[in-house]
Amino acid sequence: MEFTAGFEHFVRTDEALAPYTWLKLGGSAEYFAEPTTIDELAAVVIRCRENEIPARVLGGGSNLLVHDEGVPGLVIQLSHPTFSGISIGGNRMTVGGGAKLSHAVSTAVGSGLAGLEALAGIPGTIGGALHGNAGANGVDVGQRVVEATVMTRSGEVQTRTAQDLQFTYRQSSLDELVILSAVFELESADSQELTRRMQKFWIVQKATQPGGSESVGYLFFDPPGLAASSLIEQSGLKGTKVGGAEICAEHANFVIAGKDATSNDVIRLAELVQSRVKEVTGMDLKCQLTIW
């Protein structure tokens, strides 16, 4: 049976992935699914398992680099409203895995719920943010999670409670195929004051990112107590180019992909930076980009 049989209304073949990523690089997905229900998602995940086809989930694409030759198997995007709902009951907010983190933050703030406003300006989806425990200003998204609903690679929907969850620096125990939703425990606060705080955090966050409409990507995790950008600057690497990929002269921990850049250029540039920073400062930088 053809893999897409019965799924034609939400599965496409040979879908270009570059437009879904910040870097705007890379090849196509063999199969690309945008399910409209949890049942459709489960069905396509089960078929992947039965046919030994690899499956991955695409979030906001802010830290994703797709190989030039593309991605075998299935890429899933939770773009349908089914997966991006946000609801509030008391001090708890339930957010779909496909919802934008920024939307969750602004919804909480507008509802007078504190705890997430420090994450203003961080790109991506809730699912991606939880998978990598995104954070800023001393706050991690996982600190407020009390429950998560996931789908395993066998298509089962399961609930993870607080005692099942572990969050560390830019890592979490949520390593199942799909994070369907999460419940956040927040605190009541004045909405106007929260809005002011959120705006301040947003301004600070945006100041650390290149402006303009360039195709950019954040390269490395900050080592404990240090800034990767400072280490890159100390190593004399601002403006360094490999092919069409360039270290941003304004914000050294970002790579800019020019019109003629390839994914391989970015990989080679990252490796060059790691090697040079190690040589000059003795520090090992860990790449933040997920490479497919």
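Leaving aside neighbours within four places in sequence, Ile247 is in contact with Leu219, Ile232, Leu237, Lys238, Gly239, Thr240, Ala252, Phe254, Leu269 and Val273. Keep in mind that this is a predicted model. Ile247 belongs to strand 19, which covers residues 245-247. Its relative accessibility is 0%, and because buried means under 20%, Ile247 counts as buried. For a sense of distance, Lys286 is 39 residues away from Ile247 in sequence, and their C-alpha atoms are 16 Å apart in space.

Another buried residue sits in a loop. Thr21 is found between strand 1 and strand 2, and its relative accessibility of 2% makes it count as buried. With neighbours within four places in sequence set aside, the contacts of Thr21 are Gly61, Leu64 and Val66.

The two strands around that loop lead us to the strand pairings. Strands of a sheet pair through backbone hydrogen bonds, either parallel or antiparallel. Here are three pairs side by side, each with one pair of facing residues.

| Strands | Direction | Bridges | Example partners |
|---|---|---|---|
| Strand 1 (residues 11-16) and strand 2 (residues 28-33) | antiparallel | five | Thr13 and Tyr31 |
| Strand 2 (residues 28-33) and strand 5 (residues 71-77) | parallel | four | Phe32 and Val75 |
| Strand 6 (86-89) and strand 7 (residues 92-96) | antiparallel | four | Gly89 and Arg92 |

Strand 2 takes part in two of these pairings: it runs antiparallel to strand 1 and parallel to strand 5.

Strands 6 and 7 also belong to an open sheet of five strands, where the order is 6-7-15-11-12 and the pairing is antiparallel. At the edges are strand 6 (86-89) and strand 12 (157-161), each of which pairs on one side only. On average, and with direction ignored, neighbouring strands of this sheet are turned by 15° against each other. Helix 1 (residues 38-50) packs on the sheet, where it touches strand 11 (145-151), strand 12 and strand 15 (178-185). The direction of helix 1 makes about 55° with that of strand 11.

Now to helix 2, residues 101-110. Which of its residues are buried? They are Leu101, Ala104, Val105, Ala108 and Val109. Seen down the axis of helix 2, these buried residues fall within an arc of 130°, so they line one face of the helix. That spacing fits a general rule: an α-helix has 3.6 residues a turn, so residues three or four places apart point the same way. The cover over the buried residues of helix 2 includes strand 6, strand 7, strand 8 (113-114), helix 3 (126-131) and helix 4 (191-207). Just after helix 2 comes Gly112, with a positive phi of about 70°.

How do helix 2 and helix 4 sit against each other, and at what angle do they pack? The angle is about 150°, and their axes are 8 Å apart. Because angles over 145 degrees count as roughly antiparallel, helix 2 and helix 4 are roughly antiparallel to each other. On the helix 2 side, the contact involves Val105, Ser106, Val109 and Gly110, which meet Ser191, Leu194, Thr195 and Met198 in helix 4. The residues of this contact divide into four nonpolar, four polar and no charged. Val105 and Val109 appear among the buried residues of helix 2 and also in its contact with helix 4.

Key:
Residues numbered from 1 in each chain as written. Predicted model: local features only at pLDDT ≥ 70, side-chain atom pairs only at ≥ 80, totals over all residues. Heavy atoms only, no water. Pairing = 2+ DSSP bridges. Helix = DSSP H or I, 4+ residues; strand = E, 2+ residues; numbered from the N terminus. Axes fitted to C-alpha atoms, helices over the stretch in contact; angles between N-to-C directions. Contact = heavy atoms within 4.5 Å. Buried < 20%, exposed > 50% of the residue type's maximum accessible area, 1.4 Å probe, protein only. Arc of directions from axis to C-beta. Parallel < 35°, antiparallel > 145°, perpendicular 65-115°, else oblique. Nonpolar A, V, L, I, M, F, W, Y, C, P; charged D, E, K, R; others polar.
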